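Trainee: Before I use any of these labels, I would like to see how each one follows from its value and its cut-off. Could we go through them one at a time?

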Amino acid sequence: MNTGPFPSVVLFVAAVERVASFYKAVASMQCASGDGDHAVLEIDGFQLVIHKLPGEPDPIQDSQGRVRVREDAYSKLCLPVQSIGVARSQAEAFGGHIKPTEHEWQARGFRACDGNDPEGNVIQVRESAA
């Protein structure tokens, strides 16, 4: 039993609630705590801290209204999901995007597909390949 702090990632964003809602829906994360400046989401011994970055502008959108993906970031959050298809639908409903089926791939016992959250942060969802 782990009695110390959970491993975590801090994600700096413009809109805490919008991004927290996305991760709760797509990865079935539970909110452990939070306020207007941050939300702590948990799943299986891992925490994702959504933290407001003061002065951060809203994400830039392209001509089709999709948020511009931050492909030059130095990290990518990889999250377990029950179904990539369900995660794809949830992502769209909450302002993000998971690439179409033809972009899925398989390795080390899981299937994976990349996408982005509502602020353009690159993510990957993974389901069991079994």
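Mentor: Let us start with accessibility, where buried means under 20% relative accessible area, exposed means over 50%, and partly exposed is what lies in between. Please keep in mind throughout that this is a predicted model.

Trainee: Why is Cys 31 called partly exposed?

Mentor: Cys 31 has a relative accessibility of 44%, and partly exposed is the class between the 20% and 50% limits, so Cys 31 counts as partly exposed. The label for Cys 78 is reached in this way too, since its relative accessibility is 31% and it therefore counts as partly exposed.

Trainee: How do you know that the sulfur of Cys 78 is too far from the closest cysteine sulfur for a bond?

Mentor: A disulfide requires a pair of cysteine sulfur atoms within 2.5 Å, whereas the closest cysteine sulfur to that of Cys 78, in Cys 113, is 12 Å away, and so too far for a bond. For the structure as a whole, the number of disulfides is zero.

Trainee: What makes Ala 14 count as buried?

Mentor: Its relative accessibility is 10%, and buried means under 20%, so Ala 14 counts as buried. Ala 14 is located in the loop between strand E1 (8-13) and helix H1 (16-27), and, leaving aside neighbours within four places in sequence, its contacts are Lys 52, Glu 56, Pro 57, Asp 58 and Glu 119.

Trainee: And what makes Val 40 count as buried?

Mentor: Val 40, which belongs to strand E3, has a relative accessibility of 11%, so it counts as buried under the 20% limit. Not counting residues up to four places away in sequence, Val 40 touches Gln 30, Cys 31, Ala 32 and Ser 33, and also Gln 47, Leu 48 and Val 49. Buried residues make up 38% of the 130 residues in the protein.

Trainee: Why is Asp 44 called exposed?

Mentor: The relative accessible area of Asp 44 is 76%, and exposed means over 50%, so Asp 44 is exposed. Asp 44 sits in the loop between strand E3 (38-43) and strand E4 (46-52), and its phi is near 40 degrees, a positive value in a residue other than glycine.

Trainee: What is the phi of Ser 28, and what makes Ser 28 count as exposed?

Mentor: The phi of Ser 28 is near 55 degrees, which is positive although the residue is not glycine. Most residues other than glycine have a negative phi. Ser 28 lies in the loop between H1 and strand E2 (30-35), and its relative accessibility of 53% is over the 50% limit, so Ser 28 counts as exposed.

Trainee: How do you know that the protein is as compact as a globular protein of its length?

Mentor: It helps to have the layout first: the protein has two helices and nine strands, in the order β-α-β-β-β-β-α-β-β-β-β from the N terminus. Its radius of gyration is 15 Å, close to the 14 Å that the globule rule gives for 130 residues, so the protein is as compact as a globular protein of that length. Along its principal axes the C-alpha trace spans about 50 × 40 × 25 Å, and among contacts with a separation of 6 or more, 53% come from residues 24 or more positions apart.

Note on methods
Residues are numbered from 1 along each chain as its sequence is written. This is a predicted model: local features need pLDDT of at least 70, side-chain atom pairs count only at pLDDT 80 or more; totals for chains, interfaces and linings use all residues. Side-chain values use heavy atoms; hydrogens and water are left out. Helices (H or I, at least four residues) and strands (E, at least two) are DSSP runs, numbered from the N terminus. The radius of gyration is taken over C-alpha atoms; the globule rule is 2.2 Å times the number of residues to the power 0.38. Buried means under 20% relative accessible area, exposed over 50%, partly exposed in between (1.4 Å probe, protein chains only). Contact means heavy atoms within 4.5 Å.
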